[in-house]
Amino acid sequence: MTRMSDTQGGPVTPSREGLPDWLDPVARAAETVAPKQLSRFLPPENGTGRQSAVLILFGEGERGPELLLMERASSLRSHAGQPSFPGGSLDPEDGDPQGDGPLRAALREAEEETGLDPSGVQLFGVLPKLYIPVSGFVVTPVLGWWRVPSPVGVVDPNETARVFTVPVADLTHPDNRATAAHPSGHEGPAFLVESALVWGFTAGVIDRLLHFAGWERPWDRDKRVPLDWRS
């Protein structure tokens, strides 16, 4: 397991040792998936963009495998009110953005936003860097196994409205899947779970993970959910 104190010192290296068998498909997908298989929005070739990371944390709850998500505060300037993975921009102390900096940042941000204890998290993979054009973020998705769960909740209400987990079974259920239609014309996958509409970058990554892990179930892609113009 990676302890937060370790992330301020020696290198942080993902490990698959001791992972539950059900996470094997996700770990294998992380090793083989190509950037364009995850998103059509890839980091600018000139190296611009705000380096950031998110923690895609898998745990095991009462209903089996689950994901940790949070809902951003409605007062934020960027992605207000949206459900998302814990994460944020890299700080200088996180280290090399091309090295293990994103891994440190993902753990640090998750601790700051949800209060989770990073010592109970085992990082086991990293997905290719992706890009969010509307905010200019270059995002490294970091995969984690919540080996020793810890209490989580809202740390700063100015940044986070709520913290919650979603069973993977709900994410894969056809009734909870839809296509989000933005007034701009952009369309993408969406999930209606835990009284929330998960869409945008977060839903796109979840959609691709379910697909490449072999967990995806057939769903009605013609079912559309309109997004508010302020989204």
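# Questions on a predicted model

Reader: In which loop is Glu194 found?
Author: This is a predicted model. Strand E11 covers residues 196-198. Glu194 is found in the loop between E10 and E11.

Reader: What is the phi of Glu194, a residue other than glycine?
Author: The relative accessible area of Glu194 is 35%, so the residue is partly exposed. The sign of its phi is positive, and Glu194 is not a glycine. Phi of Glu194 is near 50 degrees.

Reader: Is Ser195 buried or exposed?
Author: Ser195 has its place in the loop between E10 and E11. Ser195 is not a glycine, yet its phi is positive, at about 60 degrees. A residue is exposed over 50% relative accessible area. Ser195 has 82%, so it counts as exposed.

Reader: How many helices and strands does the protein have?
Author: Two kinds of element make up the secondary structure. The helices come to six. Adding the strands completes the answer: six helices and 12 strands.

Reader: What radius of gyration does the protein have?
Author: The C-alpha trace spans about 50 × 40 × 35 Å along its principal axes. A compact globule of 231 residues would have a radius of gyration near 17 Å. The protein agrees with that, because its own value is 17 Å.

Reader: What percentage of the residues in the protein are buried?
Author: The protein exposes about 10900 Å², and carbon and sulfur atoms supply 50% of that area. Buried residues are those under 20% relative accessible area. Of the 231 residues, the buried ones make up 52%.

Reader: Among contacts between residues at least 6 apart in sequence, what percentage join residues at least 24 apart?
Author: Start with the contacts whose residues are at least 6 apart in sequence. Then keep those that join residues at least 24 apart. The share is 69%.

Reader: How far apart are the centres of the positive and negative side chains?
Author: The protein has 21 positive side chains and 31 negative ones. Each set has its own centre. The distance between the two centres is 6 Å.

Reader: Which residue forms a salt bridge with Glu71?
Author: The structure holds 13 salt bridges. In the one made by Glu71, the closest N and O atoms are 3.1 Å apart. Glu71 lies in strand E2 and its partner in strand E8, so the pair ties together parts that are 91 residues apart in sequence. The partner, partly exposed at 26% relative accessible area, is Arg162.

Reader: Is Arg108 buried or partly exposed?
Author: The side chains of Arg108 and Asp91 meet in a salt bridge, at 3.3 Å from N to O. Arg108 lies in helix H4 and Asp91 in the loop between E4 and H4, so the bridge ties together parts 17 residues apart in sequence. Asp91 is partly exposed, at 27% relative accessibility. Arg108 has 7%, so it counts as buried.

Reader: Which residues are linked with Asp91 and Arg108 in a network of salt bridges?
Author: Asp91 and Arg108 belong to a network of salt bridges. One further member is an Asp, and two are Glu. They are Asp94, Glu109 and Glu112.

Reader: How far apart are the closest N and O atoms of Arg224 and Glu187?
Author: Arg224 lies in strand E12 and Glu187 in strand E10, 37 residues apart in sequence. Arg224 is partly exposed at 41% relative accessibility, and Glu187 is partly exposed at 37%. Their side chains form a salt bridge, with a closest N to O distance of 2.8 Å.

Reader: Which elements do the buried residues of H2 pack against?
Author: Helix H2 covers residues 24-32. Its buried residues are Pro25, Val26, Ala27, Ala29 and Ala30. They pack against E1, E5, E7 and H6.

Reader: How far apart in space are Arg217 and Gly200?
Author: Arg217 lies in the loop between H6 and E12. Beyond its neighbours within four places in sequence, Arg217 is in contact with Thr172, His173 and Pro174. Arg217 and Gly200 are 17 residues apart in sequence. From C-alpha to C-alpha, their distance in space is 20 Å.

Reader: Leaving aside neighbours within four places in sequence, which residues are in contact with Thr160?
Author: Thr160 lies in strand E8. Its relative accessible area is 2%, so Thr160 is buried. Leaving aside neighbours within four places in sequence, its contacts are Met70, Glu71, Ala73, Glu113 and Val154.

Technical notes:
Residues are numbered from 1 along each chain as its sequence is written. This is a predicted model: local features need pLDDT of at least 70, side-chain atom pairs count only at pLDDT 80 or more; totals for chains, interfaces and linings use all residues. Side-chain values use heavy atoms; hydrogens and water are left out. Helices (H or I, at least four residues) and strands (E, at least two) are DSSP runs, numbered from the N terminus. The radius of gyration is taken over C-alpha atoms; the globule rule is 2.2 Å times the number of residues to the power 0.38. Buried means under 20% relative accessible area, exposed over 50%, partly exposed in between (1.4 Å probe, protein chains only). Contact means heavy atoms within 4.5 Å. Accessible areas come from the Shrake-Rupley method with a 1.4 Å probe; for residues, only the protein chains shown count as cover. Lys and Arg count as positive and Asp and Glu as negative; His and the chain ends are not counted. The place of a charge is taken as NZ of Lys, CZ of Arg, CG of Asp or CD of Glu. A salt bridge is a side-chain nitrogen of Lys or Arg within 4 Å of a carboxyl oxygen of Asp or Glu.
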